[in-house]
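The exercises below are meant to be worked with the sequence and the model side by side. Try each task before reading its solution.

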Amino acid sequence: MEVKEPSEFIEHLLRIWSEIGMGEAECCKRLNELRHGVEEEFQKTIAPTKERRDNLERELRSLQAGTDRVAKELGVEDPDLLNDLDEGHLLGQIKEVMEFKETLEEKKKDREEKIVAYLGHIKSLADLLAEDIGQRFMSIGGAYTEARIEELRGEADRLEEEKQLRVSAVANLVAEIGLFWTTMAIPESERKCAFSDVILSDKPGAIGLERKSIQALEDAKMELLTEKERRESIRNEKMAEIERIWERLKTHEEDREKFITGPGSSLTIEGLKQVDEKLARLREVQKERREALIVGLRERITEVWDAMRVSPKEKAEMFPGFYNDDFTEALLEDHEQFLAAAQGRLETLKPIFNLVDHREKQKREIADWDVRKREWESDPDRYKHRNFHKMCKEDERFARMRKVLVPKTEKKIREAVGQYEREFDTEFRVHGERYLAILERELEQEKIRVLEMERRKREEKETKKNNRKKRLTKKYQTYTPQRTTKTKSRSNPETNP
């Protein structure tokens, strides 16, 4: 249907009225009446339509507000659905908003279930661990966002991890305390804490995971550890004395091992009692054999002194108790301590004594060779012997030993002795005399010996020369020729001087 403009409609109506001869006043009257009727009819039609539009707008805004609230709780941005306000578009927007709201409500319900489950789990763990988690993890709090769910999941994981740590800690403490009880044979009446083997159960005696429960176990463990260390200290002290007495009495290894692996390794009251009884018996045996033990130690000390070349005077100064005949326990301990110290000193001096022994060996070999050499040189037929060249080589070897090897050994001795004397601030003595002084004295004696040998060789040479002169003089005095002529007879060699 074609709808004309109001101005065209009025012009058409006025033209018809003019054609039928209606006056201008009548036309104006009827036109006003017509306008009034149209306005009344328009008012009757537009009022319900506007009211319906307003109702739709209010419904839409209410739905939008509810959707915004749910979206805010879920942390979702709501799309703008109020772009147009005409009736048809409003109905579409209302439908779209209702569908979107239903989607959000479903998502909210799903998240609410997860949050409630996490909150319940967190509360049960917090009650189990006796932890204060705060109001934030006691209720939903009006937020159903993914961040809230992640926060609750993180808290649940933290509490679950804490639970596992405490379960492990309690289990370890229970095992350690039980081991202490078994090791020390603690009777039931003296156990200051009791618990069942089942952790986190409803049975009587079950262990909780509260911090105070774990601390109580820690305290019980530390108390038992202190008691164990006390018993170990007592046992080790007595076992050390037992082993010292075993060493003195030369007890068989089988008997020692049997006691060490038996009562000697126990921390029970009964085991410690057996250790006490064993020590008392050994002390009695040691008391009976104390004199023999001291005599044996003196023999070993004498061996060490002999190895160290100690003079009798030094022995009395070093250890006066060596000559004491009052065989007490204190004297026995003094002998043991001195023997240990002397053995340590001998071990320190062993490299030096090795050098000293090596030098003395070299000197003895040289002295033996000098004797053999004199016997060899006194033999007029030595040049005819088949070992003549071997003897010559030996002479060269011992000459090198005298001039090179012995001085080299003496140099090493001086360096080692000097280092020892500087380090320990004491003299290195052999048979009561400082060894460096012995070296100097023997060096001077060697110089004197060399000079004496050179003098003897010169005297022997001079003696041989004089003896030869005497023989020649005596011989030529018997046959003195007459020098009357200048011509010498060469036919008789005896007359030719």
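**Exercise 1. Find how much space lies in the largest pocket and describe its lining.**

Solution. Step 1: the largest pocket holds about 810 Å³ of space. A pocket here is an open set of points on a 1 Å grid over the protein atoms alone, where a 1.4 Å probe fits, with protein on both sides within 12 Å along at least five of seven lines; lining residues have an atom within 4 Å of a point. The volume is the space filled by probe spheres set on the points, which are joined across faces, edges and corners.

Step 2: the lining consists of 20 residues, and K373, E377, R449, M453 and K457 are the closest to the centre of the pocket.

Step 3: two or more lining residues come from each of α10 (329-377), α11 and α12 (435-478). Helices (H or I, at least four residues) and strands (E, at least two) are DSSP runs, numbered from the N terminus. Helix α12 gives the largest share, 10 residues.

Step 4: sorted by class, the lining has 15 charged residues, 5 nonpolar ones and no polar ones. In this sorting Asp, Glu, Lys and Arg are charged; Ala, Val, Leu, Ile, Met, Phe, Trp, Tyr, Cys and Pro are nonpolar; the others, Gly among them, are polar.

A note on the source: this is a predicted model, in which local features need pLDDT of at least 70 and side-chain atom pairs count only at pLDDT 80 or more, while totals for chains, interfaces and linings use all residues. Residues are numbered from 1 along each chain as its sequence is written, and side-chain values use heavy atoms, with hydrogens and water left out.

**Exercise 2. State how many salt bridges the whole structure has, then examine the pair R309 and D357.**

Solution. Step 1: the search finds 37 salt bridges, each a side-chain nitrogen of Lys or Arg within 4 Å of a carboxyl oxygen of Asp or Glu.

Step 2: in one of them the side chains of R309 and D357 meet at 2.0 Å, N to O. Because R309 lies in the loop between α8 (290-308) and α9 (312-318) and D357 in helix α10, the pair ties together parts that are 48 residues apart in sequence.

Step 3: R309 is buried, with a relative accessible area of 14%, whereas D357 is partly exposed at 32%. Buried means under 20% relative accessible area, exposed over 50%, and partly exposed in between (1.4 Å probe, protein chains only).

**Exercise 3. Place the salt bridges R434 with E421 and E459 with R455 in the chain.**

Solution. Step 1: R434 and E421 meet at 2.7 Å, N to O. R434 is in strand β2 (residues 433-434) and E421 in helix α11, so this pair links distant parts of the chain, 13 residues apart.

Step 2: R434 is partly exposed at 31% relative accessibility, and E421 is buried at 13%.

Step 3: the closest N and O atoms of E459 and R455 are 2.2 Å apart. Both residues lie in helix α12, 4 residues apart, about one turn of the helix.

Step 4: E459 is partly exposed, with a relative accessible area of 41%, and R455 is partly exposed at 31%.

Step 5: a network of salt bridges links E131, E162, R166 and R211.

**Exercise 4. Classify the aromatic pairs W246 with F259 and Y420 with F424.**

Solution. Step 1: the structure holds 10 aromatic pairs. Rings of Phe, Tyr and Trp (its six-membered ring) pair if their centres lie within 6.5 Å; planes under 30 degrees apart are stacked, over 60 edge-to-face and the rest tilted.

Step 2: W246 and F259 are edge-to-face, at 6.1 Å centre to centre and 85° between the planes. W246 belongs to helix α5 (residues 211-249) and F259 to helix α6 (residues 253-261), 13 residues apart. W246 is buried at 2% relative accessibility, and F259 is buried at 10%.

Step 3: Y420 and F424 are tilted, at 5.0 Å centre to centre and 40° between the planes. They are 4 residues apart in helix α11 (residues 388-424), about one helical turn. Y420 is buried at 7%, while F424 is partly exposed at 42%.
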